[in-house]
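Subject: Structure for your review: charged side chains

Dear colleague,

Please find below the structure that I am handing over to you. I would be grateful if you could keep it open while reading the notes that follow.

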Amino acid sequence: MPTEIETVQWQVPPFEAPPSIRYGWVEEIIREGEGFLEGQQCYKELGRNLRVFDGLFKDKAKSTLITNQLKYNIRKFCETLSEVREIASYGSDFPGYKKTADMLTKVSKCIYLESDFPMQILKVLQYATVMGIGYLWPKVRAEDYGFGERKLIFDPLGLLDVIPVQMPKSNDVQDCYAVTIYDYMPIAEAYGRFPLFAGKFQ
(Lines give C-alpha, C1' and ligand atoms only; values in the text may rest on other atoms or scores of the structure.)
Protein backbone atom coordinates (compact mmCIF):
# COMPACT_ATOMS: atom_id res chain seq x y z
CA MET A 1 0.00 0.00 0.00
CA PRO A 2 1.32 3.46 -0.75
CA THR A 3 2.46 5.44 2.25
CA GLU A 4 0.82 8.75 2.99
CA ILE A 5 3.03 11.80 2.72
CA GLU A 6 2.65 14.29 5.55
CA THR A 7 3.09 17.91 4.57
CA VAL A 8 4.61 20.17 7.21
CA GLN A 9 4.29 23.93 6.90
CA TRP A 10 7.57 25.44 8.06
CA GLN A 11 6.50 29.08 7.68
CA VAL A 12 4.25 31.01 10.05
CA PRO A 13 0.68 31.06 8.70
CA PRO A 14 -0.64 34.47 7.64
CA PHE A 15 -2.61 36.46 10.17
CA GLU A 16 -5.75 36.03 8.10
CA ALA A 17 -5.54 32.23 8.32
CA PRO A 18 -8.31 30.44 10.28
CA PRO A 19 -7.60 29.88 14.00
CA SER A 20 -7.47 26.10 13.44
CA ILE A 21 -4.57 26.54 10.99
CA ARG A 22 -2.67 28.79 13.35
CA TYR A 23 -3.23 26.56 16.38
CA GLY A 24 -2.21 23.52 14.36
CA TRP A 25 1.02 25.20 13.28
CA VAL A 26 1.85 26.11 16.88
CA GLU A 27 1.29 22.53 18.01
CA GLU A 28 3.49 21.29 15.18
CA ILE A 29 6.43 23.54 16.01
CA ILE A 30 6.15 22.62 19.69
CA ARG A 31 6.49 18.94 18.77
CA GLU A 32 9.41 19.77 16.50
CA GLY A 33 11.09 21.81 19.22
CA GLU A 34 10.62 19.09 21.81
CA GLY A 35 12.23 16.64 19.40
CA PHE A 36 15.20 18.99 19.13
CA LEU A 37 15.50 19.16 22.92
CA GLU A 38 15.40 15.37 23.24
CA GLY A 39 18.51 15.19 21.07
CA GLN A 40 20.53 17.53 23.30
CA GLN A 41 23.03 15.99 25.69
CA CYS A 42 21.88 18.11 28.61
CA TYR A 43 18.32 16.82 28.12
CA LYS A 44 19.48 13.19 27.96
CA GLU A 45 21.44 13.56 31.20
CA LEU A 46 18.82 15.64 33.03
CA GLY A 47 17.54 12.76 35.17
CA ARG A 48 21.04 11.70 36.17
CA ASN A 49 22.05 15.28 36.95
CA LEU A 50 19.05 15.72 39.24
CA ARG A 51 19.82 12.46 41.06
CA VAL A 52 23.42 13.57 41.62
CA PHE A 53 22.19 16.98 42.74
CA ASP A 54 19.85 15.33 45.28
CA GLY A 55 22.63 13.03 46.51
CA LEU A 56 20.96 9.82 45.27
CA PHE A 57 23.55 7.25 44.21
CA LYS A 58 23.23 3.58 43.30
CA ASP A 59 26.42 2.60 45.10
CA LYS A 60 25.56 2.25 48.81
CA ALA A 61 28.55 0.07 49.70
CA LYS A 62 30.48 2.77 51.50
CA SER A 63 27.75 4.81 53.12
CA THR A 64 24.05 5.44 52.96
CA LEU A 65 24.40 8.97 54.31
CA ILE A 66 22.94 11.63 52.02
CA THR A 67 24.44 15.09 52.44
CA ASN A 68 23.66 18.41 50.83
CA GLN A 69 27.31 19.38 50.31
CA LEU A 70 26.88 19.53 46.53
CA LYS A 71 23.84 21.81 46.86
CA TYR A 72 25.81 24.05 49.18
CA ASN A 73 28.77 24.22 46.77
CA ILE A 74 26.52 25.00 43.81
CA ARG A 75 24.73 27.69 45.79
CA LYS A 76 28.00 29.38 46.81
CA PHE A 77 29.38 29.10 43.28
CA CYS A 78 26.30 30.69 41.72
CA GLU A 79 26.10 33.40 44.38
CA THR A 80 29.69 34.38 43.65
CA LEU A 81 29.13 34.66 39.89
CA SER A 82 25.84 36.50 40.29
CA GLU A 83 27.36 39.44 42.16
CA VAL A 84 26.94 41.74 39.19
CA ARG A 85 27.99 45.20 40.21
CA GLU A 86 26.05 48.24 39.13
CA ILE A 87 27.72 50.39 36.50
CA ALA A 88 28.88 53.54 38.26
CA SER A 89 28.02 56.00 35.51
CA TYR A 90 28.30 56.76 31.81
CA GLY A 91 30.43 59.58 30.59
CA SER A 92 31.89 61.21 27.50
CA ASP A 93 34.64 63.68 26.76
CA PHE A 94 32.38 65.37 24.22
CA PRO A 95 30.10 67.94 25.94
CA GLY A 96 27.30 67.30 23.45
CA TYR A 97 26.89 63.74 24.78
CA LYS A 98 26.66 64.73 28.44
CA LYS A 99 22.84 64.69 28.57
CA THR A 100 22.73 61.32 26.82
CA ALA A 101 25.29 59.87 29.22
CA ASP A 102 23.34 61.16 32.22
CA MET A 103 20.15 59.64 30.83
CA LEU A 104 21.85 56.25 30.31
CA THR A 105 23.18 56.37 33.87
CA LYS A 106 19.70 56.95 35.30
CA VAL A 107 18.15 54.23 33.13
CA SER A 108 20.77 51.63 34.02
CA LYS A 109 20.48 52.44 37.73
CA CYS A 110 16.69 52.19 37.54
CA ILE A 111 16.81 48.82 35.74
CA TYR A 112 19.40 47.43 38.14
CA LEU A 113 17.57 48.47 41.30
CA GLU A 114 13.93 47.88 40.34
CA SER A 115 14.34 44.56 38.52
CA ASP A 116 16.41 42.87 41.26
CA PHE A 117 18.87 41.92 38.51
CA PRO A 118 21.48 40.04 40.61
CA MET A 119 18.81 37.71 42.04
CA GLN A 120 17.52 36.87 38.55
CA ILE A 121 21.06 36.17 37.33
CA LEU A 122 21.47 33.85 40.31
CA LYS A 123 18.39 31.85 39.28
CA VAL A 124 19.67 31.56 35.68
CA LEU A 125 23.03 30.27 36.90
CA GLN A 126 21.28 27.69 39.09
CA TYR A 127 19.29 26.50 36.07
CA ALA A 128 22.46 26.28 33.98
CA THR A 129 24.42 24.43 36.67
CA VAL A 130 21.89 21.64 37.17
CA MET A 131 20.05 21.52 33.82
CA GLY A 132 22.96 22.46 31.57
CA ILE A 133 21.40 25.65 30.17
CA GLY A 134 19.62 28.76 31.41
CA TYR A 135 17.93 31.76 29.83
CA LEU A 136 17.12 35.31 30.92
CA TRP A 137 13.95 36.80 29.42
CA PRO A 138 13.72 40.63 29.66
CA LYS A 139 10.15 41.87 29.34
CA VAL A 140 7.65 44.41 30.63
CA ARG A 141 4.94 43.08 32.93
CA ALA A 142 2.05 44.90 34.56
CA GLU A 143 1.27 44.21 38.19
CA ASP A 144 -2.17 43.34 39.61
CA TYR A 145 -2.99 40.83 36.89
CA GLY A 146 -2.36 43.30 34.08
CA PHE A 147 -4.07 46.35 35.58
CA GLY A 148 -1.23 47.76 37.70
CA GLU A 149 2.03 49.54 37.10
CA ARG A 150 4.22 48.24 34.30
CA LYS A 151 7.78 47.24 35.20
CA LEU A 152 10.79 45.86 33.39
CA ILE A 153 11.61 42.40 34.72
CA PHE A 154 13.99 39.56 33.91
CA ASP A 155 12.41 36.12 34.03
CA PRO A 156 14.80 33.18 34.53
CA LEU A 157 14.04 30.16 32.36
CA GLY A 158 15.40 26.62 32.33
CA LEU A 159 15.97 23.87 29.80
CA LEU A 160 12.33 22.76 29.65
CA ASP A 161 10.89 26.29 29.39
CA VAL A 162 12.34 27.30 26.00
CA ILE A 163 11.46 25.30 22.85
CA PRO A 164 13.41 26.55 19.79
CA VAL A 165 12.58 25.62 16.19
CA GLN A 166 14.88 25.58 13.16
CA MET A 167 18.11 26.18 15.03
CA PRO A 168 21.03 27.45 12.90
CA LYS A 169 24.49 25.93 12.77
CA SER A 170 25.66 28.37 15.46
CA ASN A 171 23.19 26.72 17.90
CA ASP A 172 22.22 30.22 19.04
CA VAL A 173 18.61 30.44 20.15
CA GLN A 174 18.57 34.12 19.17
CA ASP A 175 18.99 33.14 15.50
CA CYS A 176 16.39 30.36 15.30
CA TYR A 177 13.19 30.83 13.28
CA ALA A 178 10.72 30.63 16.16
CA VAL A 179 10.75 30.02 19.92
CA THR A 180 8.00 28.75 22.19
CA ILE A 181 8.32 29.80 25.85
CA TYR A 182 6.32 28.19 28.61
CA ASP A 183 5.20 31.08 30.81
CA TYR A 184 3.28 29.62 33.73
CA MET A 185 0.77 31.79 35.59
CA PRO A 186 -2.28 31.32 37.84
CA ILE A 187 -5.64 31.00 36.12
CA ALA A 188 -6.81 34.28 37.69
CA GLU A 189 -3.83 36.10 36.18
CA ALA A 190 -4.48 34.51 32.77
CA TYR A 191 -8.09 35.73 32.87
CA GLY A 192 -6.94 39.24 33.76
CA ARG A 193 -4.24 39.44 31.07
CA PHE A 194 -6.18 37.80 28.23
CA PRO A 195 -9.87 38.66 28.71
CA LEU A 196 -10.71 38.14 25.02
CA PHE A 197 -9.67 34.48 25.27
CA ALA A 198 -11.14 33.76 28.69
CA GLY A 199 -13.76 31.45 27.20
CA LYS A 200 -11.11 29.30 25.52
CA PHE A 201 -9.12 28.42 28.66
CA GLN A 202 -9.02 24.73 29.53
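At 25% relative accessibility, R193 counts as partly exposed, because that class lies between the cut-offs of 20% and 50%. Please bear in mind that this is a predicted model.

The side chain of R193 meets that of E189 in a salt bridge, with 2.7 Å from N to O. Both residues belong to helix α8, which covers residues 187-193, and because they are four residues apart there, about one helical turn separates them. E189, unlike a partly exposed residue, counts as buried because its relative accessibility is 12%, under the limit of 20%.

As background, side chains of opposite charge can pair when their charged atoms come close. In this model, the count comes to eight salt bridges. I describe some of them here.

One salt bridge joins D155 and K139, whose closest N and O atoms are 2.9 Å apart. This pair links distant parts of the chain: D155 sits in strand β2 and K139 in strand β1 (residues 135-142), 16 residues apart. Both D155 and K139 are buried. They also belong to a network of salt bridges that links K139, R141, D155 and D183.

Another salt bridge is formed by the side chains of K151 and E143, at 3.1 Å from N to O. Are these two residues buried or partly exposed? K151 counts as partly exposed because its relative accessibility is 29%, and E143 counts as partly exposed because its value is 34%.

Finally, I would draw your attention to D161, which is found in the loop between β2 (150-157) and β3 (162-165). What is the nearest side chain of opposite charge to D161, and how far away is it? That side chain is K139, 11 Å away, and D161 has no salt bridge although it is buried. The distance of 11 Å lies beyond the limit of 4 Å for a salt bridge.

What, then, surrounds D161? A polar atom of the D161 side chain lies 2.9 Å from the backbone nitrogen of G158. Leaving aside residues up to four places away in sequence, D161 touches Y127, T180, I181, Y182 and Y184.

When you go through the structure, you may wish to begin with the pair D155 and K139, which form a salt bridge, and then turn to D161, which has none.

Yours sincerely,
A colleague

Methods:
Residues are numbered from 1 along each chain as its sequence is written. This is a predicted model: local features need pLDDT of at least 70, side-chain atom pairs count only at pLDDT 80 or more; totals for chains, interfaces and linings use all residues. Side-chain values use heavy atoms; hydrogens and water are left out. Helices (H or I, at least four residues) and strands (E, at least two) are DSSP runs, numbered from the N terminus. Buried means under 20% relative accessible area, exposed over 50%, partly exposed in between (1.4 Å probe, protein chains only). Lys and Arg count as positive and Asp and Glu as negative; His and the chain ends are not counted. A polar contact is a pair of N or O atoms within 3.5 Å; within protein, one must be able to donate a hydrogen and the other to accept it, and residues adjacent in sequence count only if both atoms are side-chain atoms. Contact means heavy atoms within 4.5 Å.
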